[in-house]
Every structure is written in C-alpha cells, then in structure tokens.
Amino acid sequence: MVVKVYGPDYASPKRVLVCLIEKDVEFETVIVDLFKGEHKAPEYLKLQPFGSVPVVQDGDYALFDSRAIIRYYAEKYKHQGTELLGKTIEERGLVEQWLEVEAHNFHPPIYDLVHNLVYGPLIGLTPDPKQLKESEDKLCRVLDIYEERLSKSKYLAGDFFSLADLSHLPFTQYLMGKMRKEYLIRDRKHVSGWWDDISSRPSWKKVLELWPGQY
C-alpha cells in the first residue's frame with residue numbers, strides 16, 4: 001500500500017517527504033490544517049495522541065515523530081535508493097550522534113526563531129526581542145561547532161550524505177527565506193558550502209516545489 005504522510009505543508013513532515021523521495025518510496029500526502037485545529041480532531045488524535053505532525057500510515061502500521069519515521073524508512077529500505085544510515089556500524093553511530101545533535105542542540109533555538117518570526121505573527125503574536133536574541137545566540141554557538149566539524153568532513157557524519165544532514169533541511173530553509181537570516185549560514189564558510197550542497201539535492205527541490213508551505 002502507498003504510504004500516507006500527514007501534514008506536508010509544515011516543516012517537520014518535510015523531513016519525512018525528502019527521506020521517502022531519497023529512498024524511492026511511493027507516498028501520498030494528507031493535508032492537516034493546524035490553523036483550523038484539524039490536528040485536534042478526534043480521528044487525528046487516534047493516530048497522533050499529542051496532536052502534532054507528522055504521522056505516517058503504512059498499511060495497518062502508523063508511526064509519528066519525524067525523526068523516528070525517517071529512521072524507520074531508512075532502515076526498512078536500506079538497500080533501496082540513497083544510503084542514509086552509513087555503511088558500517090561506526091558510520092551509523094556518527095549518523096545517530098549528529099541526528100541527536102540536530103534534535104537537542106540545533107532544533108530548539110531555530111524552532112523558537114521560526115515560531116516567533118514566521119508563525120507567531122500569523123496568529124497575532126508579537127516577537128519578544130530578548131527571546132529572539134537569546135535564541136539566535138544559542139543557534140550561533142551550535143553553528144560554530146558545525147563550522148569546525150564541516151571543516152574536516154563534507155557532511156556531518158562523514159563524507160556521505162545521511163539522515164543527519166537531511167534532518168536539517170526543513171528548518172534551515174526558513175533562515176534562508178522568509179526569516180532573512182541567511183547570514184547565520186553565509187558567515188560560516190564550511191556551513192555555507194554544506195547548505196548549498198544539501199539544499200541543491202533534487203529531493204529537496206521537489207519538496208519545495210510541491211509543498212512550499214511558509215517558506
């Protein structure tokens with residue numbers, strides 16, 4: 001059966017979309033309008049009890065949390081499409097390490113920036129300048145570590161594109177677009193080159209073309 005991906009217009013589900021394209025897995029999307037509260041509907045909460053996106057349905061199997069989903073499909077279709085987990089246990093370890101860095105170090109400050117600068121104004125919220133500065137400062141410290149890492153390897157986990165890089169695509173795109181904070185990337189030579197590389201992949205270009213969202 002065709003995989004169903006819920007919530008394609010938002011950032012986190014785009015991790016799943018680009019992963020499925022890289023793995024040559026057929027899928028279809030199901031729109032979930034967060035502004036209309038569709039993520040709180042009883043039928044949706046049966047799939048995702050926390051009321052967030054994404055969720056995937058794969059036959060009788062359902063899974064939520066974007067990073068759990070991309071790990072699942074990268075493993076399920078390990079011998080199909082792009083190898084996203086590494087070829088050795090050591091490479092796999094580095095992929096997992098940098099996925100955790102993305103989730104726990106990179107994501108919180110960039111999420112705060114996106115929430116305040118992109119989605120907050122859509123629901124009438126005024127950004128807090130102090131919070132914005134704190135979030136940007138935290139993100140800068142993370143990107144400085146990335147700059148050091150990427151001065152030694154082409155991608156985060158080594159010299160191969162992996163889930164660790166892929167997972168950064170949806171939220172970093174906001175920096176380069178609507179948020180007009182591309183300097184956070186461009187001021188760092190190796191981070192800038194890495195971004196140009198991963199964001200030019202046909203899979204990501206297809207995602208942006210078909211599901212542009214708030215970019």
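The C-alpha centres of domain 1 and domain 2 sit 21 Å apart in this predicted model. Domain 1 covers residues 3-81 and domain 2 covers residues 89-201 of the protein chain.

**Where the domains meet**

Put the two domains together and about 1400 Å² gets buried between them, with 62% of that on carbon and sulfur atoms. Which residues of domain 1 lose the most area to domain 2? They are R15, R67 and R71, and together they make up 39% of what that side buries. In terms of contacts, 14 residues of domain 1 touch 19 residues of domain 2.

There's plenty of polar business here too. The interface of domain 1 and domain 2 has 7 residue pairs in polar contact, both partners being at pLDDT 80 or more. Two helices, α1 (11-22) and α3 (66-76), each bring at least two residues to the side of domain 1 that touches domain 2. The largest share of that side, 7 residues, belongs to α1. Sort the residues on this side of domain 1 by type and you get 7 nonpolar, 1 polar and 6 charged.

**Salt bridges**

How many salt bridges run between domain 1 and domain 2? The count there is 6, while the count by the same kind of rule for the model comes to 16. Two salt bridges are worth a look in the viewer, and here they are with their N to O distances:

| Salt bridge | Closest N to O distance |
|---|---|
| R92 and E75 | 2.9 Å |
| R71 and E100 | 3.1 Å |

R71 turns up twice in this story: R71 is one of the residues of domain 1 that lose the most area to domain 2, and R71 also forms the salt bridge with E100. What does the pair of R71 and E100 tie together? R71 lies in helix α3 and E100 in helix α4, so their pairing links parts that are 29 residues apart in sequence.

**Aromatic pairs**

Now for the rings. The model's count comes to 17 aromatic pairs. One of them is made by Y111 and F171, a tilted pair with 6.2 Å from centre to centre and 55° between the planes. Y111 belongs to helix α4 (residues 89-119) and F171 to helix α7 (residues 169-176), so to speak a link between distant parts of the chain, 60 residues apart.

**Backbone oddities**

Two spots in the backbone deserve a quick zoom. Where does the cis peptide bond sit? The cis bond joins V53 and P54, with omega at about 10°. P54 itself is found in the loop between α2 (42-47) and β3 (55-58).

The other spot is D65. This residue isn't a glycine, yet D65 has a positive phi of about 85°. Look for D65 in the loop between β4 (61-64) and α3. That α3 is one of the helices that each supply at least two residues to the side of domain 1 touching domain 2.

How values were computed:
Residues are numbered from 1 along each chain as its sequence is written. This is a predicted model: local features need pLDDT of at least 70, side-chain atom pairs count only at pLDDT 80 or more; totals for chains, interfaces and linings use all residues. Side-chain values use heavy atoms; hydrogens and water are left out. Domain bounds come from an automatic or database domain assignment. Contact means heavy atoms within 4.5 Å. Buried area is the accessible area (1.4 Å probe) that two parts lose on being put together, summed over both. A salt bridge is a side-chain nitrogen of Lys or Arg within 4 Å of a carboxyl oxygen of Asp or Glu. A polar contact is a pair of N or O atoms within 3.5 Å; within protein, one must be able to donate a hydrogen and the other to accept it, and residues adjacent in sequence count only if both atoms are side-chain atoms. Helices (H or I, at least four residues) and strands (E, at least two) are DSSP runs, numbered from the N terminus. Ala, Val, Leu, Ile, Met, Phe, Trp, Tyr, Cys and Pro count as nonpolar, Asp, Glu, Lys and Arg as charged, and the others, Gly among them, as polar. Rings of Phe, Tyr and Trp (its six-membered ring) pair if their centres lie within 6.5 Å; planes under 30 degrees apart count as stacked, over 60 as edge-to-face and the rest as tilted.
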